[in-house]
Structure formats: structure tokens, C-alpha cells
Amino acid sequence: MTDTSEATPTPIGRRTVLIATGATAAALAVTAAPEAPTAGAADTAPVAAAAVCTLTKEMTEGPYYLDGALVRADIRENKTGFRLNLALTVVDDDTCAVIQGALVEIWHCDALGEYSGYVGNNGHNEPDNGTFLRGGVLTDSSGLATITTVYPGWYRGRCVHIHVKVHTGVTLTSDGSFTGGTELHTGQLFFDETITARVGALSPYSTNTVTRTTLAQDSIYDEGGAASGLLTLTELGTSPSAGYTGTLTLGIER
């Protein structure tokens, strides 16, 4: 099914920013699960005294969001695909101070372009439990959320991407989810086209029967680089199948 609701993003009044972290981002440890600090914890010191904040717009939520995402650091659920370690740092756009206790929630399609809860919309038949490749974690005392997933595939009409929301003041629930809080950011994360082409040539991605839309062809991505959600990708090994680390610093207006 064509993702028609994403073809024309709805303007959102809240501002967001992206902070360039340079070597700091590259040094983040992404293999350990983050701590779960109390929601609404106070800000800590600024990320860097010389940090430069660049304003960027939010992006559409799209049609595949589901409430009730699990709070967990690994959202793969045995899904096939190349490992992706996300290291997402959340900061206040006014002060550049890191924000701890913010819930960073992501969701995306699998290697065949299918979303949990909507399997079949991209033309592939597979089991659907409604939860795979969905979830999130609270940022730690450094404002860092580390999530383990797989490199996404693609579906009809969209380039490879991950959806992201940032919530503050949430309450964790006994069933492993969350409730309440305030949603402060809705955006998308994007992938370098050269790396995606290498990944897409290998199984299981190469079995996706849908023609891939590139970054340049996408109706949402605006060629704004990191300011528009383009991840910095670092190889975990000598081949794409070893996976990648993806880093980005998100600034939100509270």
C-alpha cells in the first residue's frame, strides 16, 4: 500500500533542533542498555560549551503508528536483518542541556518493508504480532537513548527511514509500556544512500519485491542532512552484514 499520508507532511508548530556532536557522538557506548531514570528528572550540564544549534522542522508521523509501545532497549524480536545500534541524544534547544528521563520511541518496517500491525501492506506474507520493531527507552543521565534494532527495509513510495517520537514525563506501566507524559517531538531518521544501496543488494533485503525509493526521490526528506534527521553511520565490521551504529542528537523545545 502506498504511504499516501506521508506524501504531504502536515506542518507542526513546535520547533526542533539538531546538535552536531562530532567526535563526542562517535565515542558513545551503544552496546549497553540505558539506565531508566525517573521521568521528569532535571537537566544536567550542556552537551558542549561550543555547541551550535541548528533549527529543523518536525516530520509527519505517518500512517503506521501504534499506541502502547513497549519500553525496551532491543526491539528486534528475532527479525532478520543487519544489526543497527542507535545512539540518540536528547537536548533542550534553548540551553543545549541534555534531558534525562525522556522516552525516545521508534518504529519502522522490517527488511521486506512490512510494519508490525500492518503486515501485507507492502505485498509480503509473514507473521504479524503487532509489536516487532517498535519500542523505546528513557534517556540516561547523559541524555542518551540506546536502542538495538535492524537496518530497515523499504516500502512503496518511501526511502529507508525510522520514525521517532520524544516524550517527557511518562509513567512506566507494569506491562512494560508507558502512559501519560507530553509528546514534544515527532520526526524521522534517514540513512546514507550509498550505504543503503550496499545493504539492499544483500539478503534478506534483496528479496524485497518493491522498487526502492531513494533519498533524492523521497517526498519527505528535504536533503537537509543531519538537520533533517540524516544519521551518522559507522560500520560495526568489514561488511554491511556486520551492521552499523547510527548516531544523532535531537534538540527539542520544551
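These legends accompany several close-up views of a predicted model.

**View 1. Lys 165, a buried lysine in strand 7****.** Let's begin with Lys 165, which belongs to strand 7, the stretch covering residues 161–168. Its relative accessible area is 1%, so Lys 165 falls under the 20% cut-off and is classed as buried. Look for two polar contacts made by its side chain. One joins the Lys 165 side chain to that of Glu 183 at 3.0 Å. The other, at 3.1 Å, joins the Lys 165 side chain to the side chain of Thr 186.

**View 2. The neighbours of Lys 165****.** Which residues does Lys 165 touch, once those up to four places away in sequence are set aside? From the earlier part of the chain come Glu 61, Tyr 65, Leu 103, Val 104, Glu 105 and Trp 107. The list is completed by Glu 183, His 185 and Thr 186. Two of these names will be familiar from the previous view: Glu 183 is a polar partner of the Lys 165 side chain at 3.0 Å, and Thr 186 is a partner at 3.1 Å.

**View 3. The cis peptide bond between Ser 203 and Pro 204****.** Here the backbone is the thing to follow. Most peptide bonds are trans. The bond joining Ser 203 to Pro 204, however, is cis, with omega at about 10°. To find your bearings, note that Pro 204 sits in the loop that runs from helix 2 (193–200) to strand 11 (232–235).

**View 4. Asn 78, an exposed residue with positive phi****.** Most residues other than glycine have a negative phi. Asn 78 is not a glycine, yet its phi is positive, at about 65°. You will find Asn 78 in the loop linking strand 2 (53–56) with strand 3 (83–92). Its relative accessibility is 80%, which is over the 50% cut-off, so Asn 78 counts as exposed.

**View 5. Cys 96, a buried residue with positive phi****.** Cys 96 also has a positive phi despite not being glycine, with a value near 65°. This cysteine lies in the loop between strand 3 and strand 4 (103–107). Is Cys 96 buried or exposed? With a relative accessible area of 10%, under the 20% cut-off, Cys 96 is buried.

**View 6. Cysteines in a structure with zero disulfides****.** Two further cysteines are shown here. Cys 109 has a relative accessible area of 1% and is buried. Cys 159 counts as buried too, at 2% relative accessibility. How many disulfides does a search of the whole structure find? The search returns zero.

Conventions. Residues are numbered from 1 along each chain as its sequence is written. This is a predicted model: local features need pLDDT of at least 70, side-chain atom pairs count only at pLDDT 80 or more; totals for chains, interfaces and linings use all residues. Side-chain values use heavy atoms; hydrogens and water are left out. Helices (H or I, at least four residues) and strands (E, at least two) are DSSP runs, numbered from the N terminus. Buried means under 20% relative accessible area, exposed over 50%, partly exposed in between (1.4 Å probe, protein chains only). A polar contact is a pair of N or O atoms within 3.5 Å; within protein, one must be able to donate a hydrogen and the other to accept it, and residues adjacent in sequence count only if both atoms are side-chain atoms. Contact means heavy atoms within 4.5 Å. A disulfide is a pair of cysteine sulfur atoms within 2.5 Å.
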